[in-house]
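The following report describes the interior of a predicted model and the confidence that goes with it.

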Amino acid sequence: MPFPLAPRARTGPRRRSLLTVAPAALLAAGCSAGPRDTGPAADSPPPASERARARAARDSRELAERYDVVIAAHAGLAQRLGPLRENAVRHAKAFEELGTSAGSASPSPKSPAPTGTGPSASAPVPVPAKEKDALSGLAAAEREIAGRRLEALLDAPAELAGLLASVAAAGAAHAFLLTEG
């Protein structure tokens, strides 16, 4: 006799969708390998892959800043959000190090570890008064950035595409963790 499944309203991605996104992203990353670029000319604009890498680093820094703002407004969430914020900082550092190891002229100008004390490049996002709403806002930001990274990996060189896919999968997992609590 089969056991009836208890209906439960679920929000966010399902476990199966998370498990299917990561391999698909990694597969797409492996398919995008092309000839290595020797680097941009001194007076030419940065190549698309460099812009994508810089954008990914900036997105991670801004996401870490957003975590800082939510933690400052809702101190009770600090233990829950701290590890996710640290991941965002590590992601920014990984994208920045990829740029310096690939021979870019200069690393990204911002520090990879935001302190939350300085103004952000973008307008600060107001923090909702309810913790649940603040978590939903962070989850939405994680999903948006993960989607952008998945789109960017299609035109990225192999090493950057692999990092974009990995960090996009982590962002999808973060969004899931933020909505399941």
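## Packing and confidence

In this predicted model, the largest nonpolar core holds 18 residues, of which Leu63, Tyr67, Val70, Leu81, Leu138 and Leu178 touch the most other members. Two or more residues of this core come from each of α2 (48-73), α3 (78-101), α4 and α5 (158-179), and α4 contributes the most, with six residues. Leu138 is in contact with Arg66, Tyr67, Val70, Leu81 and Leu178, when residues up to four places away in sequence are left out. Apart from this core lies another, of twelve residues, which includes Leu98, Ala156, Ala165 and Val167.

The model also contains one cavity of 30 Å³ or more, and the largest cavity has a volume of about 60 Å³. Its lining draws at least two residues from each of α2, α3, α4 and α5; among the lining residues are Ser60, Leu63, His91, Glu142, Arg149 and His174. By class, the lining of the largest cavity comprises six nonpolar, four polar and two charged residues.

Confidence varies along the chain, which averages a pLDDT of 78, with 61% of the residues scoring at least 70. Among the elements, helix α4 (residues 131-152) has the highest mean pLDDT, 96, and helix α1 (residues 15-31) the lowest, 52. Two stretches in which pLDDT stays under 50 are set out below.

| Stretch | pLDDT | Contacts beyond four places in sequence |
|---|---|---|
| Residues 26-35 | under 50 | 14 contacts |
| Residues 104-120 | under 50 | 26 contacts |

Where pLDDT is low, predicted coordinates should not be read in detail.

Conventions
Residues numbered from 1 in each chain as written. Predicted model: local features only at pLDDT ≥ 70, side-chain atom pairs only at ≥ 80, totals over all residues. Heavy atoms only, no water. pLDDT = per-residue confidence, 0-100. Helix = DSSP H or I, 4+ residues; strand = E, 2+ residues; numbered from the N terminus. Contact = heavy atoms within 4.5 Å. Core = buried A, V, L, I, M, F, W, Y, C linked by side-chain atoms within 4.5 Å. Buried < 20%, exposed > 50% of the residue type's maximum accessible area, 1.4 Å probe, protein only. 1 Å grid on protein atoms, 1.4 Å probe; cavity = no way out; pocket = protein on both sides within 12 Å on 5 of 7 lines; lining within 4 Å. Points joined across faces, edges and corners; volume = space filled by probe spheres on them. Nonpolar A, V, L, I, M, F, W, Y, C, P; charged D, E, K, R; others polar.
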